[in-house]
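User: Got a minute to look at a model with me? I'd like a quick tour before I head back to the bench.

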Amino acid sequence: MPNITPAQVKSDYDVIVVGSGAAGGQTAYTLTMEGAKVLMLEAGRDYDPVQETPMFQTNGQAPLRAAGTPDKPFGFHDSTVDGGWQVPGEPYTSASDDPKRQFWWWRARMLGGRTNHWGRISLRNGPYDFKPRSRDGLGFDWPINYEDVAPYYDKVEMLIGVYGDNNGLENTPDSPAGVLQPPPALRAGERYTKHHARKLGIPVIPIHRAVLTQRLDPNVLPAKLHPGNAKAQRVLAQAMSERAACFWATNCGRGCAIRATYQSTTVHLPPALGTGNLDILSDAMGYRVLMNDAGKATGVSYIDRRDGREKEVRARVVVLAASSAESVRMLLNSKSARFPNGVANSSGLVGKYIMDTVGASLGGQIPALENLPLHNEDGAGGGHAYVPWWLYQEQLAGKLGFARGYHLEFMSGRQMPGAGTFSGLEWLGRGSYGKKFKEDARRYYGSFLGFAGRGEMIPNEDSFCDLDPVVKDKWGIPVLRFHWKWSEHETRQARHMQETAKALIEAMGGRVRQQPDADGADAIRPGGFIIHEVGGTIMGADAKKSVTNQWCQTWDVPNLFVTDGGPFVSNADKNPTLTIMALAWRAGDYIVDQLKKGNL
């Protein structure tokens, strides 16, 4: 992937984009395809998944058979480099010593950021998700509707390639005909769950994931995405022709050398670079937004990680897309006499209302799936099915004891064994060993089912981040201090997730590995654990009650935008990445329009 050096940085960029992940990649793509000159700053190193992905190595060929370690919590083959919940030399702090009030902050210091690692689950927010307060009186409404975002969901799905189907379910939006790719067949455990879930009234449908099950059509899609723009169509057609369909080689979390999965590095950046309008400066740690006396952003100050020196780059427009918390950090660190509390913070809301996804899980074993005939179920590196939230009306009637919904993701199948595949069989095999253990391993392999709940968190005043008054990172930049608290809406929801998983397992004649937690506060995962951090620069219709307007444009500084998850007003159960990209594309179109009008 081409990179420039600090000495090669130009002085006439239209836009600086800080960050290269889902938000940064999409923003840079949209801008450069429409002719804007863009400089992208990436805090981590250059990374090329085509060259660096171990597509054909088995887990047995890796250290510790690829098991997770403190510095590689998702295993040896996980694509994340220089990142995780802890980054050496780049700490963050917590305002509380209570483990239940800690926030875990995941970062990936590499080109493409967290898009190289994520699960590729790509669910649209529905109409209810943009107006949650109107429905139950809690949290906030977005200043936009589903209809404002739907055209951008369509475009993003066509660009990145999303498999799934349409089911006509409540608040689970369908995509227009021809947009989605065909989903892969359900695995045995997923089929079995679907069959038995019917009697519980629980839907099981194909999940939507950003993985190509067939090649993109370079002769049709570019014209749909960029009508009237011959250059954009040409470079996009070339980029699409270089992507292959998935052939189920290895888990998507490794990265993808054939570009079948969506990663910013394989989907957004190649065509953006193909326009000749994008320069990428890696190892450039964003520090603060530079401002002039007129109150306009003029550029960005960054730390060159190679020599540790602070340097500056300039442009007409600045876009922060560094991840919601990292963008908050830059805004709060951009202090001056004019902005003593940080830039774009006249509302005092920068850093407030950070959210994660509610997470809880429960697993069990299904006797009907024992001793299945030998077959391979690797598939598309993640679940092929999921349970969308289905109790909207019961919830609206106040029958559930919590206000927002969740979905269930699956963990099932006879996939490539890892180090822990046959561990913990004592509860079934009663501590067998030798020949009996091998027989037990063959018998039970593929008979386990797990459900991971992913639910909506309502923003609250106890969950926010600010600058630690003492601690700085190794570059001398003040670090974030997190304040965190789940409300009873989330903890009750977590318990309901486990009860639903138990009901599903038992409906299949299975047995749960352990009973649901009596207290939802014990069932729920720590804040940040699901790696769906959003909020901190929420959007709104009132400058006194929000940081950005509906275009992700800060109220205080018109040529300063935030296009990552920061402007999220709520965090629906739907995984946020697809919405981040849709909003970033929408903001990019607005920036292009305003640049052409001379308003920025």
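Analyst: Here is a short chat about the fold, the surface and one helix.

Analyst: Heads-up: this is a predicted model, where local features need pLDDT of at least 70, side-chain atom pairs count only at pLDDT 80 or more, and totals for chains, interfaces and linings use all residues. Residues are numbered from 1 along each chain as its sequence is written, and side-chain values use heavy atoms, with hydrogens and water left out.

User: How many helices and strands does the protein have?

Analyst: There are 16 helices and 20 strands, taken as DSSP runs (helices H or I, at least four residues; strands E, at least two) and numbered from the N terminus.

User: And how much of the protein is buried?

Analyst: Buried residues are 61% of the 600, where buried means under 20% relative accessible area with a 1.4 Å probe, protein chains only.

User: What does the C-alpha trace span?

Analyst: About 75 × 50 × 45 Å along the principal axes.

User: OK, helix H6. Which residues are buried there?

Analyst: H6 covers residues 188-197, and Gly 189, Glu 190, Thr 193, His 196 and Ala 197 are buried. Down the axis of H6 they fall within an arc of 135 degrees, so they line one face of the helix; the arc is that of the directions from the helix axis to the C-beta atoms.

User: What covers them?

Analyst: The cover includes strands S13 (385-387), S14 (406-411) and S15 (448-455), plus helix H14 (488-507). Contact here means heavy atoms within 4.5 Å.

User: Which share of contacts joins residues at least 24 apart?

Analyst: 73%, among contacts between residues at least 6 apart in sequence.

Notes. Buried < 20%, exposed > 50% of the residue type's maximum accessible area, 1.4 Å probe, protein only.
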